[in-house]
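The following report describes the strand pairing, the side-chain pairs and the surface of one protein chain. Please consult the sequence and the structure alongside the text.

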Amino acid sequence: MPRYDFRCRSCGATFELRRAMAQANDPAVCPQGHEDTVKLLSAVAVTGGAGGGAPQQAPSGGGGGCCGGGCCG
(Lines give C-alpha, C1' and ligand atoms only; values in the text may rest on other atoms or scores of the structure.)
Protein backbone atom coordinates (compact mmCIF):
# COMPACT_ATOMS: atom_id res chain seq x y z
CA MET A 1 0.00 0.00 0.00
CA PRO A 2 1.42 3.45 -0.87
CA ARG A 3 2.75 5.75 1.82
CA TYR A 4 1.83 9.45 1.86
CA ASP A 5 3.52 12.20 3.88
CA PHE A 6 1.51 14.99 5.50
CA ARG A 7 2.29 18.11 7.52
CA CYS A 8 0.00 19.64 10.12
CA ARG A 9 -0.49 23.37 9.67
CA SER A 10 -1.57 23.75 13.29
CA CYS A 11 1.36 22.17 15.13
CA GLY A 12 3.93 21.66 12.35
CA ALA A 13 4.21 17.89 12.85
CA THR A 14 4.99 15.73 9.85
CA PHE A 15 3.59 12.22 9.64
CA GLU A 16 2.94 9.47 7.15
CA LEU A 17 -0.11 7.40 6.37
CA ARG A 18 -0.46 4.18 4.42
CA ARG A 19 -3.64 4.19 2.39
CA ALA A 20 -5.02 2.98 -0.90
CA MET A 21 -4.29 5.11 -3.96
CA ALA A 22 -8.02 5.81 -4.27
CA GLN A 23 -7.78 7.58 -0.87
CA ALA A 24 -4.60 9.53 -1.65
CA ASN A 25 -6.32 12.93 -1.63
CA ASP A 26 -8.68 12.27 1.27
CA PRO A 27 -8.29 14.59 4.28
CA ALA A 28 -5.89 13.44 7.00
CA VAL A 29 -5.90 14.16 10.73
CA CYS A 30 -2.53 14.61 12.45
CA PRO A 31 -1.58 12.37 15.41
CA GLN A 32 -2.43 15.26 17.79
CA GLY A 33 -5.97 15.45 16.35
CA HIS A 34 -5.63 18.59 14.22
CA GLU A 35 -7.54 18.55 10.93
CA ASP A 36 -5.66 21.34 9.09
CA THR A 37 -3.12 19.20 7.23
CA VAL A 38 -1.52 19.26 3.80
CA LYS A 39 -0.18 16.36 1.73
CA LEU A 40 3.53 16.72 0.96
CA LEU A 41 5.17 15.94 -2.33
CA SER A 42 7.52 13.01 -1.81
CA ALA A 43 10.65 12.46 -3.84
CA VAL A 44 11.32 8.84 -4.70
CA ALA A 45 14.82 7.68 -5.55
CA VAL A 46 15.05 4.61 -7.71
CA THR A 47 18.45 2.99 -8.05
CA GLY A 48 19.60 -0.26 -9.48
CA GLY A 49 22.30 -2.08 -11.33
CA ALA A 50 25.76 -3.05 -10.20
CA GLY A 51 28.55 -0.81 -9.05
CA GLY A 52 27.16 0.52 -5.79
CA GLY A 53 25.38 3.49 -7.33
CA ALA A 54 28.14 4.44 -9.77
CA PRO A 55 26.90 6.09 -12.96
CA GLN A 56 26.38 3.69 -15.82
CA GLN A 57 27.84 4.34 -19.27
CA ALA A 58 25.53 4.21 -22.25
CA PRO A 59 26.35 1.40 -24.66
CA SER A 60 28.60 2.51 -27.48
CA GLY A 61 28.28 1.68 -31.17
CA GLY A 62 25.13 1.30 -33.17
CA GLY A 63 23.05 4.15 -34.40
CA GLY A 64 20.37 5.70 -32.37
CA GLY A 65 17.38 7.55 -33.70
CA CYS A 66 13.94 6.09 -33.58
CA CYS A 67 14.82 2.56 -34.64
CA GLY A 68 18.36 2.20 -33.32
CA GLY A 69 19.72 1.41 -36.76
CA GLY A 70 21.54 4.68 -37.39
CA CYS A 71 19.41 5.62 -40.39
CA CYS A 72 17.76 8.58 -38.70
CA GLY A 73 20.64 10.35 -37.11
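Strand β1, residues 3–8, is joined to β3 by 3 bridges, and the two strands run antiparallel. Cys8 has Thr37 of β3 as its bridge partner. The model is predicted: local features require pLDDT of at least 70 and side-chain atom pairs count only at pLDDT 80 or more, whereas totals for chains, interfaces and linings use all residues. Residues are numbered from 1 along each chain as its sequence is written, and side-chain values use heavy atoms, with hydrogens and water left out.

**Sheet**

Strands here are DSSP runs of E with at least two residues, helices are runs of H or I with at least four residues, and both are numbered from the N terminus. Two strands pair if DSSP finds at least two bridges between them. By these criteria the protein chain has 0 helices and 3 strands, and its elements follow the order β-β-β from the N terminus on.

β1 also pairs with β2 in the antiparallel sense, over 5 bridges. One of the residues involved is Tyr4, whose bridge partner in β2 is Leu17. The hairpin of β1 and β2 has 5 residues between the strands, and Gly12 takes a positive phi near 85° there. Strands of a sheet pair through backbone hydrogen bonds, either parallel or antiparallel.

The result is an open sheet of 3 strands in the order β2-β1-β3, with antiparallel pairing. β2 (14–18) and β3 (37–39) each have a single partner strand and stand at the edges, so one side of each is left without a neighbour in the sheet. From one strand to the next, the twist averages 35°; the axes are lines fitted to C-alpha atoms, and angles run from 0 to 180 degrees between N-to-C directions.

**Side-chain pairs**

A salt bridge is a side-chain nitrogen of Lys or Arg within 4 Å of a carboxyl oxygen of Asp or Glu. The structure holds 2 salt bridges, as listed below.

| Acidic residue | Basic residue | N to O distance |
|---|---|---|
| Glu16 | Arg3 | 3.2 Å |
| Asp36 | Arg9 | 3.6 Å |

Glu16 lies in strand β2 and Arg3 in strand β1, so their salt bridge ties together parts that are 13 residues apart in sequence. Relative accessible area classifies residues as buried (under 20%), exposed (over 50%) or partly exposed (in between), using a 1.4 Å probe and protein chains only. Glu16 is partly exposed at 39%, and Arg3 is partly exposed at 47%.

The salt bridge of Asp36 and Arg9 links distant parts of the chain, 27 residues apart: Asp36 is in the loop between β2 and β3, and Arg9 is in the loop between β1 and β2. Asp36 is partly exposed, with 38% relative accessibility, while Arg9 is exposed at 54%.

Rings of Phe, Tyr and Trp (its six-membered ring) pair if their centres lie within 6.5 Å; planes under 30 degrees apart count as stacked, over 60 as edge-to-face and the rest as tilted. The count is 1 aromatic pair. Phe6 and Phe15 form this stacked pair, with 5.7 Å centre to centre and 15° between the planes. Both Phe6 and Phe15 are buried.

**Chain totals**

Of the 73 residues in the protein chain, 12% are buried. Contact means heavy atoms within 4.5 Å; among contacts between residues at least 6 apart in sequence, 28% join residues at least 24 apart. The chain exposes about 5800 Å², of which carbon and sulfur atoms supply 52%. Accessible areas come from the Shrake-Rupley method with a 1.4 Å probe, and for residues only the protein chains shown count as cover.
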